[in-house]
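The report below looks at the surroundings of a ligand and then at the way in which domains meet. Please keep the sequence and the coordinates at hand while reading.

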Amino acid sequence: MDFGLTAEQAALRERVETFCSAHCTEEHAAALDRASRYPVELHRALAESGLLGWCLPAAYGGAGGSPIDACIINERLGRCSSAATNLLFINGVSAALIALAGSEAQKEEYVRGVAEGRLRFAFALTEPGAGSDAAAIDGDAYVMQGTKLYTTGALDADYILTVVRTRPEGKASRGTSLLIVPRTAPGLAVAPLEKIAGNCIASCRVEYDGVRVDAGQRLGPEDGAWSILMIGAGLERLTVAASSVGLARAVLEEVTAHVTTREQFGQPVSRFQAVQHQLADIATEIDAMELLTYRAAWMAAQGMARPKEISMAKLYCSERLSEIVLRGMRLLGGGAYFTETPMPRRVREAMLALYAGGTVEIQRNTIAKSLGL
Ligand SMILES: Cc1cc2nc3c(=O)[nH]c(=O)nc-3n(C[C@H](O)[C@H](O)[C@H](O)COP(=O)(O)OP(=O)(O)OC[C@H]3O[C@@H](n4cnc5c(N)ncnc54)[C@H](O)[C@@H]3O)c2cc1C
């Protein structure tokens, strides 16, 4: 059993560290938190550094990175910038699915476009009423009718990778398809919805009113998107888990620095055992988060990805993170209530991990199913 990084993985971590020092400082994160404009500069920098396409195939402009590489990148970026991890997710996962199931022409166009930072993607699955969005075939085109919710990045995307029912009757797992829909397609309307955090990458309501896309824009087989979506869900859950580890570590560092310098009753507050025990618990929980995440990533890298281990990582990381930010806020004292400090932003950003990639209840359902329940 080997818990260390290879020389290549250590070099990648260094590379992300260098990137963060230049593009994801606390000042950048605070400015993006106040912005409602898409972070074009950050997107360009991620593409130019190679990190945006790191886990895409080398044949289409990526670096062929592994799921462990994806976790290394998301963990380090997650320490300081939820904008960076969100941006990486909406573009990287969409492109990874195209790399997995796309035609040669689709890979050349879209995967390369994302890796080079020329094309932006959003991924639309969630709906106001599950299973409502249908696409009927008309000649050699699909005609789409319905609504998607919370589609992150849709406002600024070139394409929205959209999940549709192509066989409305029967199980969704046997009648779902994926369509690569141009954001400017006639009949498509995008409206941003204000969030508690991350408004620089708008999450949107997307209306499809008779939107037509050529059959050549379908990704993978008709009615056969389910297995592709399951792989996408696994990738998303892993990256959410890894970025949660990063954010939790940022909280631990900030709190440790505070309690060792802040004095009360004639001594640093870190001398109080009650404070020490809280930090000991947080540190232990973060290590457990990290171990679950990298175990799942390691399994995926060996071709042994299983929903159980991935859901365990996502479940544990998202729940611990939401507790750690609140405990961290208390340990920082009243100063952490003020928006000029990083902590209120971290608390708001941390809550996304509870939903992204499916709620904690859905993860528990997956784990229970794997136990034969
Ligand atoms: C900021 C943000 C960005 C997002 N970006 C995107 C995006 O880019 N693309 C996209 O497609 N989606 C996106 N989502 C949607 C996100 O994936 C969903 O919100 C999440 O999967 C939950 O689905 P829902 O909102 O429909 O909740 P619901 O499914 O309606 O769930 C409501 C409650 O019921 C519980 N519940 C539902 N079903 C079960 C069950 N079977 N067993 C037990 N409990 C259950 C849930 O856990 C939850 O507590 C985003 C969400 C947020 C908050």
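Which of the 16 residues around the ligand come nearest? They are Thr126, Tyr150, Thr152, Thr359 and Glu361, where a residue counts as near a molecule if one of its heavy atoms lies within 4 Å of it.

This is a predicted model, in which local features need pLDDT of at least 70 and side-chain atom pairs count only at pLDDT 80 or more, while totals for chains, interfaces and linings use all residues. Residues are numbered from 1 along each chain as its sequence is written, and side-chain values use heavy atoms, with hydrogens and water left out.

The table lists polar pairs of the ligand, a polar contact being a pair of N or O atoms within 3.5 Å; within protein, one atom must be able to donate a hydrogen and the other to accept it, and residues adjacent in sequence count only if both atoms are side-chain atoms.

| Ligand atom | Partner | Distance |
|---|---|---|
| oxygen | Leu125, polar backbone atom | 2.8 Å |
| nitrogen | Thr126, side-chain N or O atom | 2.7 Å |
| nitrogen | Thr152, side-chain N or O atom | 2.7 Å |

The chain is divided into domain 1 (7-119), domain 2 (122-219) and domain 3 (226-370), with bounds that come from an automatic or database domain assignment. The C-alpha centres of domain 1 and domain 3 lie 21 Å apart, and 23 residues of domain 1 are in contact (heavy atoms within 4.5 Å) with 28 residues of domain 3. Between them these two domains bury about 2,100 Å², of which 66% is on carbon and sulfur atoms; buried area is the accessible area (1.4 Å probe) that two parts lose on being put together, summed over both. On the side of domain 1, Cys71, Glu75 and Arg79 lose the most area to domain 3, together 28% of what that side buries.

The structure holds 21 salt bridges, each defined as a side-chain nitrogen of Lys or Arg within 4 Å of a carboxyl oxygen of Asp or Glu, and the count between domain 1 and domain 3 is 4. Arg346 pairs with Glu26 in a salt bridge whose closest N and O atoms are 3.5 Å apart, and another salt bridge joins the side chains of Asp33 and Arg348 at 2.7 Å, N to O. Because Asp33 lies in helix H2 and Arg348 in helix H10 (residues 343-350), the latter pair ties together parts that are 315 residues apart in sequence; helices here are DSSP runs (H or I, at least four residues), numbered from the N terminus.

Methods
Helix = DSSP H or I, 4+ residues; strand = E, 2+ residues; numbered from the N terminus.
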